[in-house]
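Subject: A structure for you to look at

Hi,

Here's the structure I said I'd pass on. Have a quick look at it first, then read my notes below.

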Amino acid sequence: MKRFAPVCNEESTAGNALTAGEVLQDNELLNSINGRFQMGFFNTTGSNNRYLGIWINDLYRTVVWVANGDHPIISGTGMLYLSPDGTLFLRNSIGQDVWSTGSQFSRGDPQACLMDSGHLVVNDTKTGKVLWQSSYQLSDTLLPHTPLGYMKFLDSMLEIQLSSWNITDVDPFPGQYFRKLDPFRRYELVTFRGSDVIYRTGPWDGNRWNGFPEMTQDLVRFVVSASESGAYYWYEPLDPSVLWRLVLKSNGTTYRYYKNDSGWVEYWKAPDESTPSYAACGPYGIYSDGSCKCCVEDLFHPKNGKDWKNRIFSGGCQRNVPLNDTDQGFVTGQIDEK
């Protein structure tokens, strides 16, 4: 399985890194060495709430990660502090902690740096050990080479997933949609609304998701890596000079964009207008040519004909002739060994 363990290095400078005891003030920025990303404080349209985030350094300051989406700084300014043990603390103007990475127990000299990948990383500069990284606590955006998946640790499981904003571009509070590589469905991406599945890609066939036939690898390479301890999905541009991002919007739709000289271009979205919501056709119903139909029309019919005429398909279909327990060569609770 590919290892995702970026570390700060000798190229890290005051412009892209914090050392133990240093503070990033509300009016200061960290910059990635390649200049693509910045980290600092921002507020959204129509709000005075302050958030610590990472954004793409473009005309629109496209936000790709938010630390305190569920705990905004309501009034005043913020500051980010790196403690000697390697813990990051986000504090408001009166010194109250509104977010932290949790105790990391660095035994050397911790450093926090903004990587060229667009992720914030805290590592021990003496041992090289990664103490924490923002890519393990994603917001609504998946950047290239970033894992989306799960890893088992003893009796627990680390899940890395996308979480939509509550209101796109306005409120980064975690919304009702999240997208992940589901450990209970072998290697397929699933979008949930709460506990309800609203979209599935179908299983990974080694090259693409089999429920996503339009998926191609002409501009982007898609990878699923799995082992006994977990599985990850990630993607990488075939042209590394082109910047890509995948965003889970507040309506549950996932968009993939790439950037050219004119701005951000929509490459695809899922589900789109031609894709039904999950289980839209109900039991024994299938989606075909923009509508629902019963899976075998000679054997099944709509459960509620009036609803189907009104294009309400969620009730699904039922058999024309109900099965008896002994039909189809089996008896309830027994196995036919013929």
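**Salt bridges first**

Arg 185 counts as partly exposed, at 24% relative accessibility (buried is under 20% relative accessible area, exposed is over 50% and partly exposed is in between, using a 1.4 Å probe and protein chains only). Its salt-bridge partner is Asp 182, and their closest N and O atoms are 2.6 Å apart. Asp 182 itself is buried, with a relative accessible area of 2%. So this salt bridge joins a buried residue to a partly exposed one.

Before going on, a word on where this comes from: it's a predicted model, where local features need pLDDT of at least 70 and side-chain atom pairs need 80 or more, while totals for chains, interfaces and linings use all residues. Residues are numbered from 1 along each chain as its sequence is written, and side-chain values use heavy atoms, leaving out hydrogens and water.

How many salt bridges turn up in the whole structure? The search finds six (a side-chain nitrogen of Lys or Arg within 4 Å of a carboxyl oxygen of Asp or Glu). Besides the pair above, here are two that caught my eye.

One of them is between Glu 236 and Arg 221, with the closest N and O atoms 2.4 Å apart. Glu 236 sits in strand E21 (residues 230-237) and Arg 221 in strand E20 (residues 220-227), so the salt bridge ties together parts of the chain 15 residues apart in sequence. (Strands are DSSP runs of E, at least two residues long, numbered from the N terminus.) Is each partner buried or partly exposed? Glu 236 is buried, at 17% relative accessible area, whereas Arg 221 is partly exposed at 38%.

The other is between the side chains of Lys 180 and Glu 159, at 3.1 Å from N to O. This one links distant parts of the chain: Lys 180 belongs to strand E17 (residues 171-181) and Glu 159 to strand E15 (residues 156-160), 21 residues apart. Here the lysine is the buried partner, since Lys 180 has 11% relative accessibility. Glu 159 is partly exposed, with a relative accessible area of 31%.

**Now the sheet**

Next, try finding the open sheet made of four strands, in the order E3-E4-E5-E6, with antiparallel pairing. Which strands stand at the edges? They are E3 (30-31) and E6 (62-66), and each has a single partner strand, so one side of each is left without a neighbour in the sheet. (Two strands pair if DSSP finds at least two bridges between them.) In general, strands of a sheet pair through backbone hydrogen bonds, either parallel or antiparallel.

Start with E3 and E4, which run antiparallel and are joined by two bridges. Together they make a hairpin with five residues in between, and in that turn Gly 35 has a positive phi of about 80°.

E4 (residues 37-42) is also joined to E5 (residues 51-56), this time by six bridges, and again the two run antiparallel. In that pairing, Gly 40 stands opposite Gly 53 in E5.

A good residue to click on is Met 39. In E4, it is the bridge partner of Leu 30, and across in E5 it has Ile 54 as its bridge partner.

How many residues of E4 are buried? Six of its six are, so to speak, tucked away: E4 is mostly covered.

Have fun exploring!
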